[in-house]
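Colleague: I would love a close look at one part of this chain and its surroundings. Please take me through that part slowly, and then add a few single residues that you would look at alongside it.

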Amino acid sequence: MQKYANPETDFPEAYKLCKLFNLTQDNLMSVRNSITKEIIAGLGSETHGRSSIPCFLSYVQNVPTGRERGRFLALEMWPTNCRIMLVKFGSEKDVYMSSKCVIVPHTVAGARGTQLFDFLANNIAIFVKEKKVEKENLPLGIAFAFALNKLALDVGILVAWTKGYGAKGAVGKDVVQLLRIALARHKDILVHLAGIINISAGSLMAVAWSQPTCKVGLIIGTATNAAYVEQSSECELYEGPADLPLMIINTEWGRFGSNGHLDFLRNEFDKLVDADSTNPGQKYYEKCISTLYLGELVRLIIVRLMDQGAMFKGYSKDWIGIHWKMEMKSLIAVVSEPPGVYVKAQEVLDKFRLRNCEERDLAMLKYICQTVTDRSAKLVAAGLAALINRMNYHQISVAVDGGIYRLFPRYQQVLNQTTTQLTSPMNSFEIIIAEDSPGVGAAIMAGLAVSLAQPNR
(Lines give C-alpha, C1' and ligand atoms only; values in the text may rest on other atoms or scores of the structure.)
Protein backbone atom coordinates (compact mmCIF):
# COMPACT_ATOMS: atom_id res chain seq x y z
CA MET A 1 0.00 0.00 0.00
CA GLN A 2 1.28 3.43 -0.94
CA LYS A 3 2.57 5.53 1.94
CA TYR A 4 0.76 8.85 2.51
CA ALA A 5 -2.19 7.78 0.37
CA ASN A 6 -4.77 9.40 2.67
CA PRO A 7 -4.10 13.16 3.06
CA GLU A 8 -6.99 13.60 5.51
CA THR A 9 -5.23 11.45 8.11
CA ASP A 10 -1.60 11.71 6.93
CA PHE A 11 -1.44 15.53 7.01
CA PRO A 12 -4.78 16.91 8.29
CA GLU A 13 -3.61 20.54 8.44
CA ALA A 14 -2.73 20.55 4.73
CA TYR A 15 -5.92 18.66 3.92
CA LYS A 16 -7.99 21.34 5.66
CA LEU A 17 -6.39 24.13 3.60
CA CYS A 18 -6.50 22.20 0.33
CA LYS A 19 -10.22 21.52 0.79
CA LEU A 20 -10.65 25.22 -0.04
CA PHE A 21 -9.54 24.38 -3.60
CA ASN A 22 -11.82 21.38 -4.14
CA LEU A 23 -14.63 21.80 -6.66
CA THR A 24 -17.71 19.60 -6.87
CA GLN A 25 -19.47 18.68 -10.10
CA ASP A 26 -22.22 21.15 -9.16
CA ASN A 27 -19.60 23.88 -8.63
CA LEU A 28 -18.15 23.26 -12.08
CA MET A 29 -21.56 23.15 -13.74
CA SER A 30 -22.34 26.49 -12.11
CA VAL A 31 -19.12 27.99 -13.51
CA ARG A 32 -19.83 26.52 -16.96
CA ASN A 33 -23.37 27.91 -17.01
CA SER A 34 -22.24 31.34 -15.78
CA ILE A 35 -19.59 31.49 -18.51
CA THR A 36 -22.25 30.66 -21.09
CA LYS A 37 -24.46 33.49 -19.83
CA GLU A 38 -21.56 35.96 -19.86
CA ILE A 39 -20.64 34.95 -23.44
CA ILE A 40 -24.20 35.61 -24.57
CA ALA A 41 -24.09 38.97 -22.78
CA GLY A 42 -20.71 39.79 -24.35
CA LEU A 43 -22.15 39.19 -27.83
CA GLY A 44 -25.21 41.38 -27.17
CA SER A 45 -25.29 45.02 -28.23
CA GLU A 46 -27.04 46.19 -25.05
CA THR A 47 -25.30 43.84 -22.60
CA HIS A 48 -21.75 43.85 -24.01
CA GLY A 49 -20.50 46.60 -21.70
CA ARG A 50 -21.69 44.77 -18.58
CA SER A 51 -20.31 41.33 -19.42
CA SER A 52 -17.16 40.00 -17.72
CA ILE A 53 -16.45 38.06 -20.96
CA PRO A 54 -16.49 40.82 -23.59
CA CYS A 55 -16.33 38.54 -26.65
CA PHE A 56 -14.54 40.91 -29.01
CA LEU A 57 -15.10 40.45 -32.73
CA SER A 58 -11.95 39.40 -34.60
CA TYR A 59 -13.35 40.20 -38.05
CA VAL A 60 -11.79 36.93 -39.16
CA GLN A 61 -14.69 35.21 -40.93
CA ASN A 62 -12.90 32.66 -43.05
CA VAL A 63 -11.42 29.56 -41.45
CA PRO A 64 -8.59 27.87 -43.42
CA THR A 65 -9.49 25.00 -45.72
CA GLY A 66 -5.99 23.50 -45.89
CA ARG A 67 -5.77 24.43 -49.56
CA GLU A 68 -4.12 27.80 -48.95
CA ARG A 69 -0.77 28.13 -50.73
CA GLY A 70 1.91 30.77 -50.95
CA ARG A 71 4.37 32.77 -48.84
CA PHE A 72 3.31 35.13 -46.10
CA LEU A 73 4.90 37.18 -43.33
CA ALA A 74 3.91 37.30 -39.67
CA LEU A 75 4.81 39.31 -36.58
CA GLU A 76 4.17 37.80 -33.16
CA MET A 77 4.13 40.38 -30.38
CA TRP A 78 4.57 39.05 -26.84
CA PRO A 79 5.12 40.90 -23.54
CA THR A 80 8.90 40.37 -23.59
CA ASN A 81 9.80 39.75 -27.21
CA CYS A 82 8.56 39.56 -30.76
CA ARG A 83 9.09 37.09 -33.56
CA ILE A 84 9.19 37.86 -37.27
CA MET A 85 8.31 34.96 -39.55
CA LEU A 86 8.29 33.96 -43.19
CA VAL A 87 5.80 31.12 -43.68
CA LYS A 88 5.43 29.08 -46.85
CA PHE A 89 2.43 26.82 -47.33
CA GLY A 90 3.27 24.13 -49.88
CA SER A 91 1.49 20.84 -50.40
CA GLU A 92 -1.11 19.69 -47.91
CA LYS A 93 0.21 19.74 -44.31
CA ASP A 94 3.58 21.02 -45.54
CA VAL A 95 4.54 24.25 -43.79
CA TYR A 96 7.98 25.80 -44.10
CA MET A 97 8.77 28.47 -41.55
CA SER A 98 11.79 30.69 -41.06
CA SER A 99 11.79 33.06 -38.13
CA LYS A 100 13.83 35.52 -36.10
CA CYS A 101 13.22 36.28 -32.42
CA VAL A 102 13.84 39.86 -31.34
CA ILE A 103 14.06 40.96 -27.71
CA VAL A 104 12.42 44.34 -27.20
CA PRO A 105 14.83 46.48 -25.12
CA HIS A 106 13.39 48.07 -21.97
CA THR A 107 14.35 51.49 -23.31
CA VAL A 108 12.21 50.87 -26.39
CA ALA A 109 9.31 49.16 -24.59
CA GLY A 110 9.09 52.07 -22.16
CA ALA A 111 9.49 54.83 -24.74
CA ARG A 112 6.87 56.67 -26.80
CA GLY A 113 4.63 54.55 -29.01
CA THR A 114 6.27 55.68 -32.23
CA GLN A 115 9.71 54.53 -31.09
CA LEU A 116 8.46 51.00 -30.40
CA PHE A 117 6.87 50.71 -33.83
CA ASP A 118 9.93 52.20 -35.51
CA PHE A 119 11.93 49.46 -33.78
CA LEU A 120 9.55 46.76 -35.06
CA ALA A 121 9.53 48.18 -38.61
CA ASN A 122 13.33 48.34 -38.66
CA ASN A 123 13.60 44.68 -37.66
CA ILE A 124 10.98 43.65 -40.23
CA ALA A 125 12.99 45.51 -42.90
CA ILE A 126 16.18 43.71 -41.88
CA PHE A 127 14.37 40.34 -41.91
CA VAL A 128 12.76 40.67 -45.37
CA LYS A 129 16.11 41.76 -46.83
CA GLU A 130 17.83 38.75 -45.26
CA LYS A 131 15.18 36.50 -46.82
CA LYS A 132 15.39 38.38 -50.15
CA VAL A 133 11.63 39.10 -50.27
CA GLU A 134 11.83 42.85 -49.67
CA LYS A 135 10.31 43.69 -53.08
CA GLU A 136 7.57 41.07 -53.18
CA ASN A 137 4.93 42.95 -51.16
CA LEU A 138 4.06 39.79 -49.22
CA PRO A 139 1.00 39.93 -46.94
CA LEU A 140 1.90 40.42 -43.25
CA GLY A 141 -0.33 39.40 -40.35
CA ILE A 142 0.17 40.34 -36.70
CA ALA A 143 -0.50 37.96 -33.78
CA PHE A 144 -0.91 40.28 -30.80
CA ALA A 145 -0.74 39.33 -27.11
CA PHE A 146 -2.18 42.57 -25.74
CA ALA A 147 -5.78 43.73 -25.28
CA LEU A 148 -7.28 45.12 -28.51
CA ASN A 149 -10.60 46.57 -29.56
CA LYS A 150 -10.99 45.32 -33.12
CA LEU A 151 -13.00 47.54 -35.48
CA ALA A 152 -12.05 45.70 -38.67
CA LEU A 153 -9.65 42.95 -39.73
CA ASP A 154 -6.88 45.53 -40.12
CA VAL A 155 -7.97 47.97 -37.41
CA GLY A 156 -7.06 47.17 -33.80
CA ILE A 157 -7.24 49.85 -31.13
CA LEU A 158 -4.80 49.17 -28.29
CA VAL A 159 -6.69 49.00 -24.97
CA ALA A 160 -3.70 48.59 -22.67
CA TRP A 161 -0.16 47.26 -22.49
CA THR A 162 0.92 44.73 -19.90
CA LYS A 163 3.60 45.35 -17.29
CA GLY A 164 6.91 46.50 -18.78
CA TYR A 165 5.45 48.47 -21.67
CA GLY A 166 5.23 52.21 -21.19
CA ALA A 167 4.53 53.18 -24.78
CA LYS A 168 1.59 55.32 -23.70
CA GLY A 169 1.47 57.08 -27.06
CA ALA A 170 0.07 53.90 -28.60
CA VAL A 171 -2.81 53.33 -26.16
CA GLY A 172 -6.12 54.23 -27.78
CA LYS A 173 -4.60 54.16 -31.27
CA ASP A 174 -4.72 51.70 -34.16
CA VAL A 175 -1.73 49.36 -33.81
CA VAL A 176 -1.88 48.38 -37.48
CA GLN A 177 -1.76 51.99 -38.65
CA LEU A 178 1.13 52.80 -36.32
CA LEU A 179 3.15 49.95 -37.83
CA ARG A 180 2.10 50.90 -41.38
CA ILE A 181 3.41 54.43 -40.85
CA ALA A 182 6.68 53.09 -39.46
CA LEU A 183 7.09 50.63 -42.36
CA ALA A 184 6.40 53.42 -44.90
CA ARG A 185 9.59 55.12 -43.77
CA HIS A 186 11.53 52.19 -45.25
CA LYS A 187 11.33 53.13 -48.94
CA ASP A 188 13.43 50.16 -49.99
CA ILE A 189 10.94 47.46 -48.93
CA LEU A 190 7.38 46.50 -49.87
CA VAL A 191 5.20 44.80 -47.24
CA HIS A 192 1.40 44.50 -47.31
CA LEU A 193 0.18 44.75 -43.72
CA ALA A 194 -3.13 42.88 -44.00
CA GLY A 195 -4.52 42.45 -40.49
CA ILE A 196 -4.15 41.67 -36.82
CA ILE A 197 -5.50 38.90 -34.57
CA ASN A 198 -5.02 37.95 -30.94
CA ILE A 199 -2.84 35.03 -29.89
CA SER A 200 -5.65 32.52 -29.23
CA ALA A 201 -7.25 33.20 -32.63
CA GLY A 202 -3.80 32.73 -34.17
CA SER A 203 -3.48 29.29 -32.57
CA LEU A 204 -6.95 28.36 -33.85
CA MET A 205 -6.10 29.43 -37.41
CA ALA A 206 -2.71 27.67 -37.36
CA VAL A 207 -4.19 24.29 -36.38
CA ALA A 208 -7.28 24.70 -38.59
CA TRP A 209 -5.09 24.73 -41.71
CA SER A 210 -4.20 21.06 -41.21
CA GLN A 211 -7.18 20.14 -38.99
CA PRO A 212 -10.36 21.65 -40.50
CA THR A 213 -12.46 20.58 -37.49
CA CYS A 214 -10.54 23.02 -35.24
CA LYS A 215 -13.03 25.54 -33.81
CA VAL A 216 -11.33 26.68 -30.58
CA GLY A 217 -7.96 28.23 -29.81
CA LEU A 218 -7.09 27.88 -26.13
CA ILE A 219 -4.23 29.62 -24.32
CA ILE A 220 -3.10 28.37 -20.90
CA GLY A 221 0.13 30.05 -19.87
CA THR A 222 1.06 33.13 -17.88
CA ALA A 223 -2.38 34.29 -19.04
CA THR A 224 -5.44 32.42 -20.26
CA ASN A 225 -7.78 33.16 -23.14
CA ALA A 226 -9.91 31.39 -25.73
CA ALA A 227 -11.08 32.13 -29.25
CA TYR A 228 -13.89 30.19 -30.88
CA VAL A 229 -16.05 30.12 -34.01
CA GLU A 230 -19.43 31.83 -33.58
CA GLN A 231 -22.36 32.37 -35.93
CA SER A 232 -22.22 35.92 -37.32
CA SER A 233 -25.95 36.25 -36.73
CA GLU A 234 -25.33 35.96 -32.98
CA CYS A 235 -22.83 38.86 -33.00
CA GLU A 236 -25.09 41.85 -32.42
CA LEU A 237 -22.18 44.30 -32.57
CA TYR A 238 -21.25 43.18 -36.09
CA GLU A 239 -22.46 45.57 -38.77
CA GLY A 240 -20.72 44.12 -41.83
CA PRO A 241 -21.98 42.08 -44.79
CA ALA A 242 -24.32 39.22 -43.97
CA ASP A 243 -22.93 36.82 -46.59
CA LEU A 244 -20.24 35.36 -44.30
CA PRO A 245 -21.91 33.14 -41.68
CA LEU A 246 -19.00 32.72 -39.24
CA MET A 247 -16.96 34.99 -36.96
CA ILE A 248 -13.98 34.07 -34.80
CA ILE A 249 -14.57 35.55 -31.34
CA ASN A 250 -11.82 36.62 -28.95
CA THR A 251 -13.54 35.94 -25.63
CA GLU A 252 -10.94 37.54 -23.29
CA TRP A 253 -12.36 35.10 -20.72
CA GLY A 254 -9.57 35.75 -18.23
CA ARG A 255 -11.73 38.64 -17.01
CA PHE A 256 -14.55 36.30 -16.00
CA GLY A 257 -15.53 36.67 -12.35
CA SER A 258 -15.72 40.45 -12.11
CA ASN A 259 -19.51 40.18 -11.89
CA GLY A 260 -19.33 37.97 -8.80
CA HIS A 261 -19.69 34.59 -10.51
CA LEU A 262 -16.54 33.19 -8.87
CA ASP A 263 -17.05 34.64 -5.39
CA PHE A 264 -18.33 31.31 -4.07
CA LEU A 265 -15.07 29.49 -4.87
CA ARG A 266 -12.41 32.18 -4.36
CA ASN A 267 -10.70 31.44 -1.05
CA GLU A 268 -8.42 33.40 1.28
CA PHE A 269 -5.32 32.43 -0.72
CA ASP A 270 -6.90 33.59 -3.99
CA LYS A 271 -7.62 36.91 -2.33
CA LEU A 272 -4.03 37.23 -1.07
CA VAL A 273 -2.69 36.57 -4.57
CA ASP A 274 -5.10 39.09 -6.06
CA ALA A 275 -4.16 41.78 -3.54
CA ASP A 276 -0.45 41.27 -4.26
CA SER A 277 -0.86 41.21 -8.06
CA THR A 278 -0.24 44.07 -10.49
CA ASN A 279 -3.98 44.30 -11.24
CA PRO A 280 -5.97 43.72 -8.02
CA GLY A 281 -9.71 43.33 -8.46
CA GLN A 282 -9.38 42.13 -12.05
CA LYS A 283 -9.13 38.84 -13.96
CA TYR A 284 -10.26 36.51 -11.16
CA TYR A 285 -10.69 33.54 -13.53
CA GLU A 286 -7.16 33.98 -14.86
CA LYS A 287 -5.74 34.19 -11.34
CA CYS A 288 -7.21 30.78 -10.50
CA ILE A 289 -5.83 29.23 -13.70
CA SER A 290 -2.70 30.73 -15.18
CA THR A 291 0.87 29.68 -14.47
CA LEU A 292 1.77 33.15 -13.23
CA TYR A 293 -0.34 32.62 -10.10
CA LEU A 294 -0.36 28.87 -9.35
CA GLY A 295 3.14 28.82 -7.88
CA GLU A 296 2.32 31.73 -5.60
CA LEU A 297 -0.82 29.96 -4.35
CA VAL A 298 1.29 26.91 -3.48
CA ARG A 299 3.92 29.06 -1.76
CA LEU A 300 1.30 30.82 0.37
CA ILE A 301 -0.12 27.48 1.55
CA ILE A 302 3.38 26.25 2.48
CA VAL A 303 4.10 29.41 4.47
CA ARG A 304 0.77 29.08 6.31
CA LEU A 305 1.54 25.46 7.24
CA MET A 306 5.03 26.42 8.39
CA ASP A 307 3.49 29.13 10.58
CA GLN A 308 1.24 26.44 12.08
CA GLY A 309 4.22 24.15 12.70
CA ALA A 310 2.67 21.52 10.43
CA MET A 311 5.33 21.50 7.70
CA PHE A 312 9.13 21.89 7.54
CA LYS A 313 9.49 22.23 11.31
CA GLY A 314 12.66 24.01 12.34
CA TYR A 315 13.39 25.35 8.84
CA SER A 316 13.83 29.05 8.04
CA LYS A 317 11.23 30.88 5.95
CA ASP A 318 13.78 33.37 4.63
CA TRP A 319 13.69 32.00 1.08
CA ILE A 320 10.24 30.40 0.87
CA GLY A 321 8.91 33.67 2.27
CA ILE A 322 9.91 35.60 -0.87
CA HIS A 323 6.81 36.40 -2.92
CA TRP A 324 6.37 35.02 -6.46
CA LYS A 325 9.47 32.80 -6.30
CA MET A 326 7.72 29.42 -6.73
CA GLU A 327 7.77 28.67 -10.47
CA MET A 328 5.26 26.67 -12.47
CA LYS A 329 7.97 24.32 -13.76
CA SER A 330 8.64 23.36 -10.13
CA LEU A 331 5.00 22.40 -9.60
CA ILE A 332 5.02 20.28 -12.76
CA ALA A 333 8.23 18.51 -11.68
CA VAL A 334 6.84 17.71 -8.22
CA VAL A 335 3.48 16.36 -9.38
CA SER A 336 4.87 14.39 -12.34
CA GLU A 337 7.07 12.07 -10.22
CA PRO A 338 5.88 8.47 -9.74
CA PRO A 339 4.04 7.61 -6.49
CA GLY A 340 6.37 7.55 -3.51
CA VAL A 341 9.24 9.24 -5.39
CA TYR A 342 10.26 12.73 -4.25
CA VAL A 343 13.62 13.42 -5.92
CA LYS A 344 12.37 16.41 -7.90
CA ALA A 345 10.41 17.65 -4.89
CA GLN A 346 13.61 17.83 -2.85
CA GLU A 347 15.45 19.52 -5.71
CA VAL A 348 12.75 22.20 -5.79
CA LEU A 349 12.99 22.73 -2.04
CA ASP A 350 16.79 22.94 -2.21
CA LYS A 351 16.32 26.22 -4.09
CA PHE A 352 14.54 27.58 -1.03
CA ARG A 353 17.28 26.33 1.34
CA LEU A 354 14.92 23.62 2.65
CA ARG A 355 17.34 20.68 2.51
CA ASN A 356 17.09 17.01 3.55
CA CYS A 357 13.36 17.24 4.19
CA GLU A 358 11.29 14.46 5.74
CA GLU A 359 9.39 12.24 3.34
CA ARG A 360 6.09 13.28 4.91
CA ASP A 361 6.79 16.94 4.09
CA LEU A 362 7.72 16.03 0.52
CA ALA A 363 4.49 14.06 0.13
CA MET A 364 2.57 17.02 1.55
CA LEU A 365 4.19 19.35 -0.99
CA LYS A 366 3.15 17.02 -3.82
CA TYR A 367 -0.42 16.93 -2.53
CA ILE A 368 -0.60 20.73 -2.34
CA CYS A 369 0.81 21.20 -5.86
CA GLN A 370 -1.57 18.58 -7.24
CA THR A 371 -4.60 20.16 -5.59
CA VAL A 372 -3.88 23.67 -6.88
CA THR A 373 -3.06 22.55 -10.44
CA ASP A 374 -6.08 20.20 -10.59
CA ARG A 375 -8.37 23.14 -9.78
CA SER A 376 -6.81 25.12 -12.61
CA ALA A 377 -7.45 22.31 -15.11
CA LYS A 378 -11.04 21.87 -13.94
CA LEU A 379 -11.82 25.58 -14.25
CA VAL A 380 -10.41 25.63 -17.79
CA ALA A 381 -12.58 22.59 -18.52
CA ALA A 382 -15.68 24.47 -17.38
CA GLY A 383 -14.93 27.26 -19.85
CA LEU A 384 -14.05 24.89 -22.67
CA ALA A 385 -17.23 22.86 -22.13
CA ALA A 386 -19.27 26.07 -22.30
CA LEU A 387 -17.78 26.83 -25.74
CA ILE A 388 -18.17 23.26 -27.05
CA ASN A 389 -21.80 23.06 -25.94
CA ARG A 390 -22.56 26.50 -27.38
CA MET A 391 -21.12 25.75 -30.84
CA ASN A 392 -22.89 22.37 -30.83
CA TYR A 393 -20.75 20.68 -33.49
CA HIS A 394 -20.83 16.89 -33.58
CA GLN A 395 -17.02 16.72 -33.68
CA ILE A 396 -14.49 19.50 -33.07
CA SER A 397 -10.79 19.91 -32.40
CA VAL A 398 -9.39 22.32 -29.81
CA ALA A 399 -5.96 23.87 -30.36
CA VAL A 400 -4.21 24.41 -27.03
CA ASP A 401 -1.06 26.47 -26.61
CA GLY A 402 0.91 26.64 -23.37
CA GLY A 403 3.58 24.66 -21.56
CA ILE A 404 1.33 23.63 -18.67
CA TYR A 405 -0.69 21.43 -21.03
CA ARG A 406 2.18 20.33 -23.26
CA LEU A 407 4.55 19.38 -20.42
CA PHE A 408 2.17 18.23 -17.67
CA PRO A 409 0.49 14.82 -18.27
CA ARG A 410 -1.74 15.01 -15.19
CA TYR A 411 -3.06 18.42 -16.28
CA GLN A 412 -3.92 16.96 -19.69
CA GLN A 413 -5.76 14.07 -18.03
CA VAL A 414 -7.78 16.23 -15.62
CA LEU A 415 -8.67 18.77 -18.32
CA ASN A 416 -9.85 16.12 -20.76
CA GLN A 417 -11.81 14.12 -18.18
CA THR A 418 -13.53 17.14 -16.66
CA THR A 419 -14.39 18.64 -20.06
CA THR A 420 -15.97 15.32 -21.05
CA GLN A 421 -18.04 15.31 -17.85
CA LEU A 422 -19.30 18.86 -18.52
CA THR A 423 -19.91 18.51 -22.26
CA SER A 424 -23.05 17.23 -23.96
CA PRO A 425 -22.58 13.59 -25.06
CA MET A 426 -23.70 14.71 -28.52
CA ASN A 427 -20.60 16.92 -28.89
CA SER A 428 -17.30 15.06 -29.08
CA PHE A 429 -13.97 16.88 -28.99
CA GLU A 430 -10.24 16.31 -29.37
CA ILE A 431 -7.63 18.54 -27.76
CA ILE A 432 -4.58 19.07 -29.98
CA ILE A 433 -1.33 20.68 -28.89
CA ALA A 434 -0.67 23.65 -31.17
CA GLU A 435 2.75 22.80 -32.59
CA ASP A 436 2.70 25.75 -34.97
CA SER A 437 2.85 29.14 -33.33
CA PRO A 438 0.09 31.79 -33.42
CA GLY A 439 2.21 33.60 -36.01
CA VAL A 440 1.44 30.84 -38.50
CA GLY A 441 -2.25 31.56 -37.95
CA ALA A 442 -1.62 35.28 -38.46
CA ALA A 443 0.15 34.49 -41.74
CA ILE A 444 -2.84 32.43 -42.89
CA MET A 445 -5.19 35.27 -41.91
CA ALA A 446 -3.11 37.73 -43.96
CA GLY A 447 -3.14 35.45 -46.99
CA LEU A 448 -6.89 34.92 -46.78
CA ALA A 449 -7.51 38.64 -46.39
CA VAL A 450 -5.51 39.49 -49.52
CA SER A 451 -6.95 36.69 -51.68
CA LEU A 452 -10.54 37.48 -50.73
CA ALA A 453 -10.00 41.18 -51.44
CA GLN A 454 -8.96 40.43 -55.01
CA PRO A 455 -11.65 40.45 -57.73
CA ASN A 456 -12.93 37.21 -59.20
CA ARG A 457 -11.79 35.18 -56.23
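Modeller: Happily! Let me start with a word I will use a lot: two residues are in contact, or touch, when heavy atoms lie within 4.5 Å. This is a predicted model, in which local features need pLDDT of at least 70 and side-chain atom pairs count only at pLDDT 80 or more, while totals for chains, interfaces and linings use all residues. Residues are numbered from 1 along each chain as its sequence is written, and side-chain values use heavy atoms, with hydrogens and water left out.

The part I have picked is helix α3, residues 25–43. Helices (H or I, at least four residues) and strands (E, at least two) are DSSP runs, numbered from the N terminus. The 19 residues of α3 reach 27 Å from the first C-alpha to the last, close to the 27 Å expected at 1.5 Å a residue. That expected span is 1.5 Å times one less than the number of residues.

Now look at what is hidden. I call a residue buried under 20% relative accessible area, exposed over 50%, and partly exposed in between, using a 1.4 Å probe and protein chains only. Leu28, Val31, Arg32, Ser34, Ile35, Glu38, Ile39, Ala41, Gly42 and Leu43 of α3 are buried. As general background, an α-helix has 3.6 residues a turn, so residues three or four places apart point the same way. Among the elements covering the buried residues of α3 are β10 (224–231), β11 (246–250), α9 (284–289), α13 and α15 (409–422).

Of those, α13 (residues 359–391) deserves its own view: its axis and that of α3 come within 8 Å and cross at roughly 50°. Axes are lines fitted to C-alpha atoms, for helices over the stretch in contact, and angles run from 0 to 180 degrees between N-to-C directions. This angle makes α3 oblique to α13; angles under 35 degrees count as roughly parallel, over 145 as roughly antiparallel, 65 to 115 as roughly perpendicular, and the rest as oblique. The crossing of α3 and α13 is right-handed. A crossing has that hand if the near helix is turned clockwise from the far one by less than a right angle, and is left-handed if anticlockwise.

On the α3 side, the contact is made by Leu28, Val31, Arg32, Ile35, Thr36, Ile39, Ile40 and Leu43. Facing them on α13 are Lys378, Leu379, Ala382, Gly383, Ala385, Ala386, Leu387, Asn389 and Arg390. The residues of this contact between α3 and α13 divide into 11 nonpolar, 3 polar and 3 charged. Here Ala, Val, Leu, Ile, Met, Phe, Trp, Tyr, Cys and Pro count as nonpolar, Asp, Glu, Lys and Arg as charged, and the others, Gly among them, as polar.

Helix α13 also packs with α15, at an angle of about 40° and with axes 8 Å apart. This pair is therefore oblique as well, and the crossing of α13 and α15 is right-handed. The contact of α13 with α15 divides into 11 nonpolar, 6 polar and 3 charged residues.

Back in α3, glutamine 25 belongs to the helix and is partly exposed, with a relative accessible area of 33%. Leaving out residues up to four places away in sequence, glutamine 25 touches Gln421 and Leu422. The C-alpha atoms of glutamine 25 and glutamine 421 are separated by 8.6 Å, although these positions lie 396 residues apart along the chain count.

In α13, have a look at leucine 362, which counts as buried at 7% relative accessibility. Not counting residues up to four places away, leucine 362 touches Tyr342, Ala345, Gln346, Leu349 and Cys357.

Two other residues make good companions. Glycine 202, in helix α7 (residues 199–210), is buried with a relative accessible area of 0%. Apart from residues up to four places away in sequence, glycine 202 touches Ile197, Pro438 and Gly441. Serine 330, in helix α11 (residues 328–335), is buried at 5% relative accessible area. Setting aside neighbours within four places, serine 330 is in contact with Val348 and Lys351.
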